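Q: I would like to learn how to read a fold from its elements, its core and single residues. Where do we begin?

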Amino acid sequence: MQPDIRAIIAASSHALVTGKTVAGLYDQTADRHRRIAAEARGEHLQGLDGDRNVKFGGTLPELTETGTGAAIYMEIAEEATQGFDRSTSGHFTCRIEDQVVQLYDHADGAWFTFVAQAAD
């Protein structure tokens, strides 16, 4: 799965599970701050990847991203999300605890950690 798609999934997961607006995302694996915002209202999500000027969103279980045209299938399960990126067939699992999102990319067989910055 592409790093940009992982970041979008992490921000989306945090917004959908916590109900809080994401105003930024720190990617610990890449050691970089990402200008990503996401807001959820129920099962509807809208977001912007400001680094790439790309919109993303939709209504669960289907989310889309306008940059690469990625389509993401996502389900919420308690304090987590799971699903897959249809463009790469890469499955993921996200666990959310406070501001931290841990994403397991099944195709890469690795964990990726993100810290969400909540909007005030």
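Q: Which pattern does the protein chain follow, read along the sequence?

A: This is a predicted model. Read from the start, the protein chain runs α-β-β-β-β-β-β-β-β-β-β-β, with one helix and 11 strands.

Q: How compact is the protein chain for 120 residues?

A: The radius of gyration is set against the globule rule. Here the radius is 12 Å, close to the 14 Å from the rule for 120 residues, so the protein chain is as compact as a globular protein of that length. Along the principal axes, the C-alpha atoms fill a box of roughly 35 × 30 × 30 Å.

Q: What share of the residues counts as buried, and what share of the accessible surface belongs to carbon and sulfur atoms?

A: Buried residues make up 42% of the 120. The accessible surface is about 6100 Å², and carbon and sulfur atoms hold 47% of that area.

Q: Which residues have the most contacts inside the largest nonpolar core?

A: In soluble globular proteins, nonpolar side chains tend to be buried together. In this model the largest nonpolar core has 30 residues, and Ile9, Leu25, Leu45, Phe92 and Phe114 have the most contacts inside it. Several elements supply at least two residues each, including helix 1 (3-18), strand 1 (22-27), strand 9 (90-97) and strand 11 (110-118). Helix 1 gives the largest share of this core, nine residues.

Q: What is Phe92 in contact with, leaving aside its neighbours within four places in sequence?

A: Among the partners of Phe92 are Met1, Ile9, Ile72, Met74, Phe84 and Leu103. Polar residues are listed too, including Thr81 and Gln82.

Q: Is Ser12 buried or exposed?

A: The cut-off for buried is under 20% relative accessible area. Ser12 has 1%, so this residue is buried. Ser12 lies in helix 1, and beyond its neighbours within four places in sequence it is in contact with Ala38, Leu45, Phe56, Leu63 and Met74.

Q: Where is Thr68 found, and what does Thr68 touch?

A: Thr68 sits in the loop between strand 6 (62-65) and strand 7. Its relative accessible area of 46% makes Thr68 partly exposed. Not counting residues up to four places away in sequence, Thr68 touches Gln2, Ile5 and Arg52. Thr68 and Ile5 are 63 residues apart in sequence, with their C-alpha atoms 9.2 Å apart.

Q: How many positive and negative side chains does the protein chain have?

A: There are 10 positive and 18 negative side chains, and the centres of the two sets are 5 Å apart.

Technical notes:
Residues numbered from 1 in each chain as written. Predicted model: local features only at pLDDT ≥ 70, side-chain atom pairs only at ≥ 80, totals over all residues. Heavy atoms only, no water. Core = buried A, V, L, I, M, F, W, Y, C linked by side-chain atoms within 4.5 Å. Buried < 20%, exposed > 50% of the residue type's maximum accessible area, 1.4 Å probe, protein only. Helix = DSSP H or I, 4+ residues; strand = E, 2+ residues; numbered from the N terminus. Contact = heavy atoms within 4.5 Å. Rg over C-alpha atoms; globule rule 2.2 N^0.38 Å. Areas by Shrake-Rupley, 256 points an atom, 1.4 Å probe, with all protein chains shown as cover. Lys, Arg positive; Asp, Glu negative; His and termini not counted. Charge placed at Lys NZ, Arg CZ, Asp CG, Glu CD.
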